[in-house]
Amino acid sequence: QVQLVESGGGLVQAGGSLRLSCAASGSNIRINSLGWYRQAPGKQRELVAVITGAGTTTYGGSVKGRFTVSRDNAKNTVYLQMNSLKPEDTAVYYCWYRNYKDNWGLGTQVTVSS
């Protein structure tokens with residue numbers, strides 16, 4: 001049974017930074033992909049960033065150059081460093097883990113004020 005627990009969301013002014021963390025529990029976490037998606041009110045869930053077990057990263061177009069995804073396999077944890085935040089980054093951010101299926105955390109709210 002996989003569990004994903006996010007932390008680090010909150011309220012920040014435009015131009016500021018936040019770091020999200022997601023601790024994963026389960027087997028073989030280190031060999032599989034982890035990452036982040038987000039969903040703003042009235043919009044579909046979208047890719048933010050993903051990192052494979054080998055460390056290859058993929059970013060959504062709107063966050064490239066501002067956000068950085070990383071992982072600590074010793075802690076089964078994935079991080080999202082968010083810099084130069086914009087009001088349009090406001091959303092619920094979900095941790096994601098892929099083994100034989102998609103697994104989701106409960107989400108953490110990020111609000112960027114202008």
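The following questions and answers go through a predicted model of one protein chain.

Student: How many helices and how many strands does the protein chain have?
Tutor: Read along the sequence, the pattern of the chain is β-β-β-β-β-β-β-β-β-β-β. The count is therefore zero helices and eleven strands.

Student: What radius of gyration does the protein chain have, and how does this stand against the globule rule?
Tutor: The C-alpha trace spans about 40 × 25 × 20 Å along its principal axes. For 114 residues the globule rule gives 13 Å, and the chain comes close to that value, so it is as compact as a globular protein of that length. The radius of gyration is 13 Å.

Student: What share of the residues in the protein chain is buried?
Tutor: Buried here means under 20% relative accessible area. The accessible surface of the chain is about 6100 Å², with 47% of it belonging to carbon and sulfur atoms. Of the 114 residues, the buried share is 40%.

Student: Which strands stand at the edges of the open sheet with the order 1-3-8-7?
Tutor: Four strands form this sheet, and their pairing is antiparallel. An edge strand has a single partner strand, so one side of it is left without a neighbour in the sheet. The twist averages 15° from one strand to the next. The edge strands are strand 1 (3-7) and strand 7 (67-72).

Student: Which residue in strand 3 is the bridge partner of Leu4?
Tutor: Strand 1 and strand 3 (residues 18-25) run antiparallel and are joined by five bridges. In strand 3, the partner of Leu4 is Ala24.

Student: Which residue in strand 5 stands opposite Arg38?
Tutor: Strand 4 (residues 33-39) pairs with strand 5 (residues 46-51) in the antiparallel sense, over five bridges. The two strands form a hairpin with six residues between them, and Gly42 in the turn has a positive phi of about 80°. Opposite Arg38 stands Glu46.

Student: Which residue takes a positive phi in the hairpin of strand 5 and strand 6?
Tutor: Strand 5 and strand 6 (residues 57-59) pair in the antiparallel sense over three bridges, and Val50 stands opposite Thr58 in strand 6. Five residues lie between the strands of this hairpin. The one with a positive phi, near 100°, is Gly55.

Student: Is Val92 buried or partly exposed?
Tutor: Val92 belongs to strand 9 (residues 91-98). Leaving out residues up to four places away in sequence, Val92 touches Tyr37, Arg38, Gln39, Gly107, Thr108 and Gln109. The limit for buried is under 20% relative accessible area. At 21% relative accessibility, Val92 counts as partly exposed.

Student: What distance separates the C-alpha atoms of Val92 and Thr108?
Tutor: Thr108 is among the residues that Val92 touches. Along the chain, Val92 and Thr108 are 16 residues apart. Their C-alpha atoms are separated by 5.4 Å.

Student: Is Arg66 buried or exposed?
Tutor: Arg66 is found in the loop between strand 6 and strand 7. Not counting residues up to four places away in sequence, Arg66 touches Gln81, Met82, Asn83, Ser84, Leu85, Lys86 and Asp89. Its relative accessible area is 11%, so Arg66 is buried.

Student: Which residue has its backbone oxygen 2.9 Å from a polar atom of the side chain of Arg66?
Tutor: The contacts of Arg66 include Asn83, Ser84 and Leu85. The backbone oxygen that lies 2.9 Å from a polar atom of the Arg66 side chain is that of Ser84.

Conventions. Residues are numbered from 1 along each chain as its sequence is written. This is a predicted model: local features need pLDDT of at least 70, side-chain atom pairs count only at pLDDT 80 or more; totals for chains, interfaces and linings use all residues. Side-chain values use heavy atoms; hydrogens and water are left out. Two strands pair if DSSP finds at least two bridges between them. Axes are lines fitted to C-alpha atoms, for helices over the stretch in contact, and angles run from 0 to 180 degrees between N-to-C directions. Buried means under 20% relative accessible area, exposed over 50%, partly exposed in between (1.4 Å probe, protein chains only). Contact means heavy atoms within 4.5 Å. The radius of gyration is taken over C-alpha atoms; the globule rule is 2.2 Å times the number of residues to the power 0.38. Accessible areas come from the Shrake-Rupley method with a 1.4 Å probe; for residues, only the protein chains shown count as cover. A polar contact is a pair of N or O atoms within 3.5 Å; within protein, one must be able to donate a hydrogen and the other to accept it, and residues adjacent in sequence count only if both atoms are side-chain atoms.
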